[in-house]
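Work through the following exercises with the sequence and the model at hand. Each task is followed by a solution in steps.

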Amino acid sequence: MKRSTSTFHKCSLCLLQNMSDNILKRGTTIFTSKPFAFILNSKCRTTRCDNCLKGGKLSKCSGCQYVYYCDRKCQKESWPIHKAECPRLKKIFPREMPDAARLMARIILKLNQGGANEMGYYSEKNFRKFKDLMSHYSDIKTDTKRLEHFTMLCGVLFQFLDETLIPNVAELMGIYGRLCTNCFNILDLDMNTIGAGIYLGASVMDHSCKPNAVVTFEGTTLIVRTLTDLPFLDWSQIRISYIDLLNSNKARREELHSSYYFWCDCERCKGEELMAEAAACPNLSCDSPCSIEADKCEKCNAKISIEFKETFQEVVTFTTHHLEKMKTMAYLDVSKVCLKKQKGVLHKFNIQHIRTLELAHTAAVNLESWQDAELYGMELLPGYLLYLGEVHPLTGWLYLMIGKVQFYLEKSKEALKALNKANMILMITHGDKHSLVREELQPLLCQATMESNSDNNM
């Protein structure tokens, strides 16, 4: 039987080194793994290597003319799975294969190559095979949206694969269910989704909206690091987040139920939530969040008029519409219009306001509009700290981006402060060997330190 490329044993030394007084310190790598099966998102097909997912100078596969590779090494590493899909991708070219269909096809091909026996170890003696992953078969059968998606994928798969390779409908639905509820989005250094993969050992981890561990990626390698000190490593107590935490309790719980078929009852979901959908107080000198259902502010007793409530609903509807339109591309001018309408109407910690700030910051960075990027980054930071927490990859990344922007604006002292914050967080979430820290943060931190010291000596 094939043992998975999960490197639990390589983490053992790291675990011992990070045990202090029998406490497993935060920032400890507890698990790394290569995927059982993965794909590069089709939107990145021509800009990233289909094997290692890196960008740069690429060469097209001479067979299918569909995928691209860094070099012969990557092409050779990919060949065991690509050789089966190469002629099939050539047959459908120039049409693009839907991402979910391609990943499902790769899983089917791998299972036909003996992958059913592959073991993904998550501890010295414990492992998972593909069949051990939960399929939620009965839930999928009664889920109208998922059934429609499954039917569409089956149509693509029957065109793509030989009938002899495709299992019966029940087995096919089991594969689909495992894919839906066990798939990890693979992220690049900027926390953008560039691919998706199934990781056998990692599927043992449960969810919490207040996680004690975090998943990051180095290429296709999945890495799990602790966010809090733990008394010892107990996989039944390790919690990661399955979803984006920047959302209201209600929205998070509904997303988890619709995607993973459970209602979250974690500590955060049980707590009261006042600000996620809050209005600003009509009294501009009061910063208290207000329920739009209330008639007055609980803090200052300012009246919440019918006209204000109508304006609030109009702004929410307007923002919802534009946030949906900007899902694939952030536009600075549209974001600015939304933010202008939200001023004095949505509370500063209203999720829609924070989402708009995210898009404004992203668009400003993309346009190299550094002053806007700094402004929106600084305004976004309190929302990240509230909803994501200080020790979170996105919070660390935002501090890094703010520091980088301030460095471009020749604000070396401010940049150094932000980059030091980024360093403190990313050393926990990513570690000193991760490319984000080694290649992005550390060189910038050195430059900012030198320039800041130079300014002090003048």
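**Exercise 1. Aromatic pairs**

Task: State how many aromatic pairs the structure holds, then classify the pair of Phe31 and Trp235 and place both residues in the chain.

Solution. The structure holds 11 aromatic pairs, where rings of Phe, Tyr and Trp (its six-membered ring) pair if their centres lie within 6.5 Å, and planes under 30 degrees apart count as stacked, over 60 as edge-to-face and the rest as tilted. For Phe31 and Trp235 the ring centres are 6.0 Å apart and the planes stand at 80°, so this pair is edge-to-face. Phe31 belongs to strand β3 (residues 29-33), while Trp235 sits in the loop between β13 (221-226) and β14 (239-240); the two are 204 residues apart, and the pair links distant parts of the chain. Strands are DSSP runs of E of at least two residues, helices runs of H or I of at least four, both numbered from the N terminus.

Next, accessibility. Phe31 has a relative accessible area of 1% and is buried; Trp235, at 11%, also counts as buried. Buried means under 20% relative accessible area, exposed over 50%, and partly exposed in between (1.4 Å probe, protein chains only). Phe31 and Trp235 form one aromatic cluster with Tyr122.

The model is predicted: local features need pLDDT of at least 70, side-chain atom pairs count only at pLDDT 80 or more, and totals for chains, interfaces and linings use all residues. Residues are numbered from 1 along each chain as its sequence is written, and side-chain values use heavy atoms, with hydrogens and water left out.

**Exercise 2. Helix α3**

Task: Compare the span of α3 with its expected span, and find what its buried residues pack against.

Solution. The expected span is 1.5 Å times one less than the number of residues. Helix α3 (residues 99-112) has 14 residues and should therefore span 20 Å; its end C-alpha atoms are 20 Å apart, which agrees. Of the 14 residues in α3, 10 are buried, among them Arg106 and Lys110. The buried residues pack against β4 (37-40), α2 (72-92), α5 (144-160), α6 (169-182), β9 (183-187) and β10 (193-198), contact being heavy atoms within 4.5 Å.

Two side chains of α3 meet rings. Arg106 lies over the face of Phe38, 5.6 Å from the ring centre, and the charged end of Lys110 sits over the ring of Phe36 at 4.7 Å from its centre. The criterion is NZ of Lys or CZ of Arg within 6 Å of the ring centre and within 35 degrees of the ring normal. After α3 comes Gly114, with a positive phi near 100°.

**Exercise 3. Helix α6**

Task: Is α6 enclosed or exposed, and which residue caps its N-terminal end?

Solution. In α6, 11 of the 14 residues are buried, so the helix is largely enclosed by the rest of the structure. Its buried residues pack against α3, α4 (137-141), α5, β9, β10 and α7 (249-260). The cap is Asn168, with a side-chain oxygen 3.1 Å from the backbone nitrogen of Ala170. A polar contact is a pair of N or O atoms within 3.5 Å; within protein, one must be able to donate a hydrogen and the other to accept it, and residues adjacent in sequence count only if both atoms are side-chain atoms.

**Exercise 4. Asn212**

Task: Locate Asn212 and describe its surroundings.

Solution. Asn212 lies in the loop between β11 and β12 (213-218) and is buried at 13% relative accessibility. Its side chain reaches the backbone nitrogen of Arg239 at 2.8 Å. Leaving out residues up to four places away in sequence, Asn212 touches Thr226, Leu227, Thr228, Leu230, Gln237, Ile238 and Arg239.
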